[in-house]
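This report goes through one protein chain, from its overall make-up to single residues and helix packing. The sequence and the structure come first.

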Amino acid sequence: MNLFVFALRNLQRRKVRTILTIAGVALAVAVLFSLLAFQAGYEQELTKEVDSLGIHMLAVPKGCPYEAASLIMHGGVIPKYLNETDLDRVKNTEGVTLATPILLHQFIVNGSPHILYGIIGSEMRSIRPYWKVEGRFFEDNEERVMVVGKGLADKEDLKVGQILPFGPKKEPFEIIGILDTSGGQEDEFHFTPLSEAQRVFGKENKLTTIAVLADSIDNSGIVADRIEEIPDMQVVTMTQITGTILNIVGSARTLLLSMIAVTLVITAVGISNTLLMSVHERTKEFGMLKAIGARSADLMRLVIMETLVVTFLGGLAGVLLALLGGGLIESFIRANVPYAPSGSLIAADPVMALLCIGLSVVLGLVCSIYPAIRSGKQSPMEAMRGEIS
């Protein structure tokens, strides 16, 4: 009989133990696969989100530049402002190709927070040429008009041409365009000309940040140093934002990897213990096999084959479990990880899946060595004596 088929039949004879062992391996692999997929997805989406800004750096009021930049990226509001004079100074800085002002303001509609982006439309569209609009985009000198993100339009059932009461005085603003889905936070924003945002919310001459495009990405560090010579202003580059956020997430990832390492060790000990118990219980079986001609190497291969089958199935089940539970895992991560970008945070690929399954098989191979040696040492005479006694 084929050794593989023989191993499968032996495993079927002990269904409960086989299923429990597979389940233990599957849980460990599912956690490992989920973490690797999260790491890949998070970095991918964060990089995409930062790149989508189309700028090299943000000039913000002096304080905590990374917190300010993160709030700006995700639509938060910071209590400090720059002014038009600061904008002129940034524009006149050597190496600056474009400096465009942004005013963010949060307001409440029916109990839900909404974010307003006051921008110079012509400049913002030049650095985000991928923006597509249903309807049209506003001119910089237009009044009482706005563009809304696709996500917000779908959520609030907003249409082009609709009049929306807006601002503290509920002024009638016409929705003249709906921004096509970009996959970023801007899908949830209101956009108006900068002057209108400043007027409606009483923030004349105030700016939340200045988005800066340097003449060269290689020159952005030098340009950032020059801008920081302006009083009460700090600069954070997109590379710094990405690196800082990834470092924060990396700390949590290291902790999770440590927990997974402990889990794998516990799983390995469990597999070894199960195999040793199985070998002990099968003393008679192994002795009889030897008595009818089986060699020690045959018994060792049988034990190793059974273990590899169990760990392979466990690894496969773990990957499938992680894929099926991806939505729940992502919801948990979004609720507990800071600065979660939009888009899918779970990015699984076939190589990652094969890596996890391969690791579970290697783990099984290592765990099976000692039990396999014990099985090969079984004596037919001892087995018979044990049966007689």
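Helices and strands here are DSSP runs, with at least four residues for a helix and at least two for a strand, and they are numbered from the N terminus. The model is predicted. Under that scheme Thr 93 falls in the loop between helix H4 (84-91) and strand S3 (96-109).

**The chain as a whole**

The chain contains 14 helices and 12 strands. Of its 389 residues, 46% are buried. Among contacts with a separation of 6 or more, 78% are between residues 24 or more positions apart.

**Thr 93**

Is Thr 93 buried or exposed? Its relative accessible area is 12%, and the limit for a buried residue is under 20%, so Thr 93 is buried. Leaving aside residues up to four places away in sequence, Thr 93 touches Arg 226, Ile 227 and Ile 230. The C-alpha atom of Thr 93 is also 7.6 Å from that of Val 223, although 130 residues separate the two along the chain. A polar atom in the side chain of Thr 93 lies 2.9 Å from the backbone oxygen of Arg 89.

**His 190 and Ser 122**

His 190 belongs to strand S9 (residues 189-193). Its relative accessibility is 2%, and therefore His 190 counts as buried. Which residues does His 190 touch, not counting residues up to four places away in sequence? They are Phe 107, His 114, Ile 115, Leu 116, Tyr 117, Met 146, Val 147, Val 148, Leu 152 and Leu 164. With one of these, His 114, the side chain of His 190 makes a polar contact of 2.9 Å.

Ser 122 is in helix H5 (residues 121-127). Partly exposed residues lie between the buried limit of under 20% and the exposed limit of over 50%, so Ser 122, at 46% relative accessibility, counts as partly exposed. Its side chain makes a polar contact of 2.8 Å with the side chain of Asp 140. The C-alpha atoms of Ser 122 and Thr 100 are 9.7 Å apart, with these positions 22 residues apart along the chain.

**Two residues with positive phi**

Most residues other than glycine have a negative phi. Arg 144 has a positive phi of about 55 degrees although it is not a glycine. Lys 170, likewise a residue other than glycine, has a positive phi near 55 degrees. Arg 144 sits in the loop between strand S5 (133-135) and strand S6 (145-149). Lys 170 sits in the loop between strand S7 (163-166) and strand S8 (171-179).

The relative accessibility of the residues discussed so far is set out below.

| Residue | Relative accessibility | Class |
|---|---|---|
| Thr 93 | 12% | buried |
| His 190 | 2% | buried |
| Ser 122 | 46% | partly exposed |
| Arg 144 | 39% | partly exposed |
| Lys 170 | 57% | exposed |

**Helix packing: H10, H11 and H13**

Helix H10 (residues 283-291) packs against helix H11 (residues 296-324) at an angle of about 140 degrees, and their axes are 10 Å apart. Why is H10 oblique to H11? An angle must be over 145 degrees to count as roughly antiparallel, and 65 to 115 degrees is the range for roughly perpendicular, so the angle of about 140 degrees makes H10 oblique to H11. The crossing of H10 and H11 is right-handed. On the H10 side, Phe 286, Leu 289 and Lys 290 make the contact, and on the H11 side Ser 296, Leu 299, Leu 302 and Val 303 do. By class, these contact residues comprise 5 nonpolar, 1 polar and 1 charged.

Within H10, the buried residues are Glu 285, Phe 286, Gly 287, Leu 289 and Lys 290. Gly 293, just after H10, has a positive phi of about 120 degrees.

H11 also meets helix H13 (residues 350-376): their axes come within 7 Å and cross at roughly 155 degrees. The angle is over 145 degrees, and H11 and H13 are therefore roughly antiparallel to each other. The crossing of H11 with H13 is right-handed. The contact of H11 with H13 has 16 nonpolar and 9 polar residues, and no charged residues.

Note on methods: Residues are numbered from 1 along each chain as its sequence is written. This is a predicted model: local features need pLDDT of at least 70, side-chain atom pairs count only at pLDDT 80 or more; totals for chains, interfaces and linings use all residues. Side-chain values use heavy atoms; hydrogens and water are left out. Buried means under 20% relative accessible area, exposed over 50%, partly exposed in between (1.4 Å probe, protein chains only). Contact means heavy atoms within 4.5 Å. A polar contact is a pair of N or O atoms within 3.5 Å; within protein, one must be able to donate a hydrogen and the other to accept it, and residues adjacent in sequence count only if both atoms are side-chain atoms. Axes are lines fitted to C-alpha atoms, for helices over the stretch in contact, and angles run from 0 to 180 degrees between N-to-C directions. Angles under 35 degrees count as roughly parallel, over 145 as roughly antiparallel, 65 to 115 as roughly perpendicular and the rest as oblique. A crossing is left-handed if the near helix is turned anticlockwise from the far one by less than a right angle, and right-handed if clockwise. Ala, Val, Leu, Ile, Met, Phe, Trp, Tyr, Cys and Pro count as nonpolar, Asp, Glu, Lys and Arg as charged, and the others, Gly among them, as polar.
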